[in-house]
Amino acid sequence: MPPTDSTAVAGQPAIRFENVVKKFGDHTVLDDLNFDVQRGERVTLIGPSGSGKTTILRLVMTLEHLTGGYMFVDGEPLTHMEVNGRRVERRSKDVARTTQKIGMVFQQFNLFPNMSVLENITEAPVHVLGRSQDQARARGLELLDQVGLADKADEHPTRLSGGQQQRVAIARALAMDPEILLLDEVTSALDPELVGEVLGVLRDVAKSTDITMLIVTHEMQFAQDVSHRVLMFDGGSIVEEASPDVMFTAPENERTRAFLQAVL
Ligand SMILES: Nc1ncnc2c1ncn2[C@@H]1O[C@H](COP(=O)(O)OP(=O)(O)OP(=O)(O)O)[C@@H](O)[C@H]1O
Ligand SMILES: [Mg+2]
């Protein structure tokens with residue numbers, strides 16, 4: 001029997017894509033995609049619009065249905081597994097146990113508008129992880145302090161700037177103690193002067209934790225500073241993979257060069 005419990009398998013990557021296929025109707029977005037992200041590794045995905053970056057993050061978050069192939073988290077099947085040579089869907093309660101390890105921050109902050117800032121952060125730890133209110137509040141206040149918003153705990157999210165809302169969204173994701181953090185263009189909806197404060201918080205998270213990160217961003221300096229590895233996508237395939245230093249200064253692939261020239 002394949003493993004169905006949530007114990008991490010020693011030595012396995014944090015994330016593995018194995019022959020992943022994703023179609024929307026008859027439009028194939030990802031075709032036989034293979035890559036690993038090691039534990040504690042921070043990997044940035046770059047590439048032109050429509051190349052499949054968001055789709056990859058949404059598949060990991062199980063917000064999209066996998067058409068073919070397998071994804072693994074800590075060596076465990078995420079949504080599908082092979083049983084007696086057949087590809088079968090994993091039970092949803094097993095999937096939920098694995099996705100608890102994963103946090104995601106979106107371009108649109110998606111805060112709960114009817115809750116205070118602190119309630120936004122404590123809601124899932126209390127209701128999903130079963131933490132006590134006191135415990136969740138103490139941790140929530142600690143995280144708000146970390147993202148520079150200790151004084152906004154009782155504020156209503158709609159009264160915060162975009163940059164402040166996004167920092168709350170980051171604190172909310174961290175409150176679930178994720179092993180993996182997925183970041184999809186988290187500064188793209190912000191006014192330029194608010195980008196720096198959000199990136200500053202993320203640099204701090206990168207420096208002070210060993211959370212595995214899969215990042216989609218157009219902030220190339222940030223990507224260069226925090227990533228261990230950069231994957232360039234085009235048409236749903238990896239066309240180049242390199243350390244940030246190489247990727248941003250001496251890319252080999254023609255499409256990478258053209259893309260970086262256009263965005264830098
Ligand atoms: N829900 C959907 N239904 C149909 N097609 C979709 C859906 N979501 C994404 N696609 C298609 O999948 C492809 C990849 O989209 P995706 O959003 O992953 O690209 P991206 O690399 O994140 O682009 P961007 O840089 O613009 O955010 C695109 O052709 C897109 O039109
Ligand atoms: Mg996208």
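Okay, one bit of vocabulary before we start: two strands count as paired here if DSSP finds at least two bridges between them. With that in hand, and remembering that this is a predicted model, let's look at the open sheet. It has four strands, in the order E2-E1-E4-E5, and the pairing is antiparallel. Who sits at the edges? That's E2 and E5, the latter being residues 76–77; each has a single partner strand, so one side of each has no neighbour in the sheet.

Moving inward, take E1, residues 15–24, and E4, residues 68–73. Five bridges hold this antiparallel pair together. If you want a register mark to click on, Val 21 faces Gly 68 in E4.

There's also a hairpin to look at. Strand E6, residues 80–83, runs antiparallel to strand E7, residues 86–89, and four bridges join them. Glu 82 has Arg 87 in E7 as its bridge partner. The hairpin leaves two residues between its strands, and Asn 84 is in that turn.

Stay on Asn 84 for a second, since its backbone is a bit odd. Most residues other than glycine have a negative phi. Asn 84, though, has a positive phi, near 50°. Is it buried or exposed? Exposed: 7 other C-beta atoms lie within 10 Å, and the cut-off for exposed is 12 or fewer.

Asp 32 does something along those lines too. Its phi is positive, about 60°, and it isn't a glycine either. Asp 32 belongs to strand E2, which is one of those edge strands. Asp 32 counts as partly exposed because it has 14 C-beta neighbours inside 10 Å, which falls between the cut-offs of 12 for exposed and 20 for buried.

Now, the ligand. What surrounds ligand 1? The shell includes Phe 24, His 27 and Val 29, then Gly 47, and then everything from Ser 49 through Gly 50, Ser 51, Gly 52, Lys 53 and Thr 54 to Thr 55. Two elements give two or more residues to it, strand E2 (27–37) and helix H1 (53–60). H1 gives the most, with three. By class, you get eight polar residues, two nonpolar and one charged.

On to the core. As a general point, nonpolar side chains in soluble globular proteins tend to be buried together. Here, the largest nonpolar core has 63 residues, and among those with the most contacts inside it are Val 60, Val 105, Ile 170 and Leu 214. Which helix gives the most to it? That's H5, residues 162–174, with six residues. For a feel of the packing, pick Val 60: leaving out residues up to four places away in sequence, Val 60 touches Ile 15, Met 71, Ile 102, Leu 182 and Leu 214.

Last stop, towards the other end of the chain. Ala 250 sits in the loop between helix H8 (244–249) and helix H9 (254–263). Ala 250 is exposed, with 9 other C-beta atoms within 10 Å. Between Ala 250 and His 218 there are 18 Å in space, C-alpha to C-alpha, for a separation of 32 residues in sequence.

And the annotation, for context: an unreviewed UniProt entry lists residues 15–260 as "domain: ABC transporter". In the model, that span is 37% helix and 28% strand, and its end C-alpha atoms lie 26 Å apart. That's my tour.

Terms used
Residues numbered from 1 in each chain as written. Chains lettered and ligands numbered in written order. Predicted model: local features only at pLDDT ≥ 70, side-chain atom pairs only at ≥ 80, totals over all residues. Core = buried A, V, L, I, M, F, W, Y, C linked by C-beta atoms within 7 Å. Contact = placed C-beta atoms within 7 Å. UniProt positions renumbered as here; feature names shortened; annotations may be inferred. Near = placed C-beta within 6 Å. Nonpolar A, V, L, I, M, F, W, Y, C, P; charged D, E, K, R; others polar.
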